[in-house]
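Dear colleague,

I am passing on a structure for you to look through, with the sequence alongside. Please open it first and keep it in view while you read the notes underneath.

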Amino acid sequence: MTDETMTDWSTAGAGAVAEAVAAGRVSARTVTEATLARIAALDPAVNAFTDVTAARARARAEAVDAGRVRGPLAGVPVAVKNLIDVAGLPTRAGARINRERPPATRDATLVERLEAAGAILVGALNMGEYAYDFTGENVHDGDSRNPHDPAHMSGGSSGGSGAAVAAGLVPLALGSDTNGSIRVPSAFCGCFGLKPTYGRLSRAGSFPFVGSLDHLGPMARSVGDLARAYDAMQGPDPADPVATDRAPEPVLPVLDSGIADLRIAVAGGYFAGGGDPEAFAAVARVADALGASRTVEIPEARRARAAAYLITAAEGAALHLDRLRARAADFDPAVRDRLIAGAMIPAPHVERAQRFRRWYRAAVLDLLGEVDVILAPATPCRAPRRGQTHFVIDGVELPVRANIGLFTQPISFIGLPVVAVPVRLDDGLPLGVQVIAAPWREEAALRVARHLERVGAVAAPVAMPSVAQG
């Protein structure tokens, strides 16, 4: 028997698929059909997909099998958050209003780059409305659900991306991260996620949320797959005004070079309180596996989170002001009310937040001259239940939506690269740890994640949701 019949290609990793397709051990069509069948069987329980591009996927698989397309991702199924343009689909951005827009006439830059590397797009993924969300709940398309327990949140706003990867519906997905929207669903669903340096990966062809904070990045079930996708998407892009003009710096060739040369520390202070004990136990497990005993304090992190909130609310409101005036009733009320509040923030408050942001970035970069990698919790707790509006943290009842990102916002605020790694402490839901590095040092964060994966400290197993639980 061959790999064509012996392997469950519906849950195989990106590297395994690409190598088998390149060697002729399996056809891209076989992998694609297995993926589409798994999506049809399991997505009713997960609700990760809003659009399945079956005809496009089959045509692309035929091109790969005919030898017309080659590359490091040849035959690998991928899906993208539905704020990323896919030719022929309206770019929903999780919103009722956007689905009335004309279909995109071309793919986003990152979709083009993934397909140039041989990947096969199988669909677009559910998300929180206009990316203003940490829960994965959507009043228009229904909630994306946590594959480990569909009664719980997938996290947001890239909830469909995290759920699709964790459920084994696709080996790779794209998400976006403004304040934590890759790292939160990675933590809740138990997969790896990469928020790259601000400007590292092109955002051209994606619906914006906060232009000065928005990032796009990959999610996967292994560090190798994360690196493979990241390498395929690097490169300057004049269509994105903030995209770096740095040449690609591939990480896959150095992924297994170890961590002996890296100075690794644990974030204390703000990042050592304000969460459940399990969140800090996950960080301790990772630190122990790395032999990291040093603790550092990121200065003024609490103020950074507050400043990130102000800038997010003000910039987000400015983007949507015309839509709010014309069609306020068509918004998710929770999103609408936060945008209206953002529109009323006095301009001097925002200016002060931006001045602080410059100071904070310089202070954190000074700290990252002393250490190469900093470890911090990704979320203050495991995934709450869907529909849950409040939780208790450190004995204080707090709103869920506003506080899930309390550990991610001070990091994305200044555009640092972060790998979210999944930790399973027991039989409960996963947790996540942020592996934070200096700008343009994605390779350092990914090398640490790879080491943790190799020593068994972190893992992203395929979750097997039951359709009956949906």
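The notes below begin with the chain as a whole and then turn to some strands and two loop residues.

Please keep in mind from the start that this is a predicted model. The chain has 15 helices and 13 strands, and its C-alpha atoms fill a box of roughly 60 × 55 × 45 Å when this is taken along the principal axes. A compact globule of 470 residues would have a radius of gyration near 23 Å, and because the chain has 21 Å, its value agrees with that expectation.

Of the 470 residues, 62% count as buried, while the accessible surface of the chain comes to about 16500 Å², of which 53% belongs to carbon and sulfur atoms. If we take the contacts in the chain with a separation of 6 or more, 77% of them are accounted for by residues 24 or more positions apart. As for charge, there are 48 positive and 51 negative charges in the chain, and their mean positions are 2 Å apart.

The strand β3, which covers residues 120-125, is a good place to begin looking closely, since 6 of its 6 residues are buried. Strand β1 (residues 49-52) is joined to β3 by 3 bridges, and these two run antiparallel; within this pairing, Phe49 has Leu125 of β3 as its bridge partner. Strand β2 (residues 77-81) also pairs with β3, but in the parallel sense and over 5 bridges, and here the bridge partner of Val80 in β3 is Ala124.

Strand β5 (residues 192-195) is covered on both faces, with Phe192 and Leu194 buried on one side and Gly193 and Lys195 buried on the other. It is worth following its pairings in the viewer: β5 pairs in the antiparallel sense with strand β6 (residues 215-220) over 2 bridges, and in the antiparallel sense with strand β12 (residues 418-423) over 3 bridges. Gly193 can serve as a landmark for both, as this residue stands opposite Met219 in β6 and opposite Ala420 in β12.

Between β5 and β6 there is a loop, and Arg203 lies in it. Is Arg203 buried or exposed? Its relative accessible area is 14%, and because buried means under 20%, Arg203 counts as buried. Which residues does Arg203 contact, leaving aside its neighbours within four places in sequence? The contacts are with Tyr198, Gly211, Asp214, His215, Leu216, Asp240 and Val242.

The other loop residue is Gly268, which lies between β7 (264-267) and α9 (277-290). Gly268 has a relative accessibility of 8% and therefore counts as buried, given that the cut-off for buried is under 20% relative accessible area. Not counting residues up to four places away in sequence, Gly268 touches Thr295 and Val296. You may also like to check one distance for yourself: Gly268 and Ala307 are 39 residues apart along the chain, and their C-alpha atoms are separated by 20 Å.

With best wishes

Terms used. Residues numbered from 1 in each chain as written. Predicted model: local features only at pLDDT ≥ 70, side-chain atom pairs only at ≥ 80, totals over all residues. Heavy atoms only, no water. Helix = DSSP H or I, 4+ residues; strand = E, 2+ residues; numbered from the N terminus. Rg over C-alpha atoms; globule rule 2.2 N^0.38 Å. Buried < 20%, exposed > 50% of the residue type's maximum accessible area, 1.4 Å probe, protein only. Contact = heavy atoms within 4.5 Å. Areas by Shrake-Rupley, 256 points an atom, 1.4 Å probe, with all protein chains shown as cover. Lys, Arg positive; Asp, Glu negative; His and termini not counted. Charge placed at Lys NZ, Arg CZ, Asp CG, Glu CD. Pairing = 2+ DSSP bridges.
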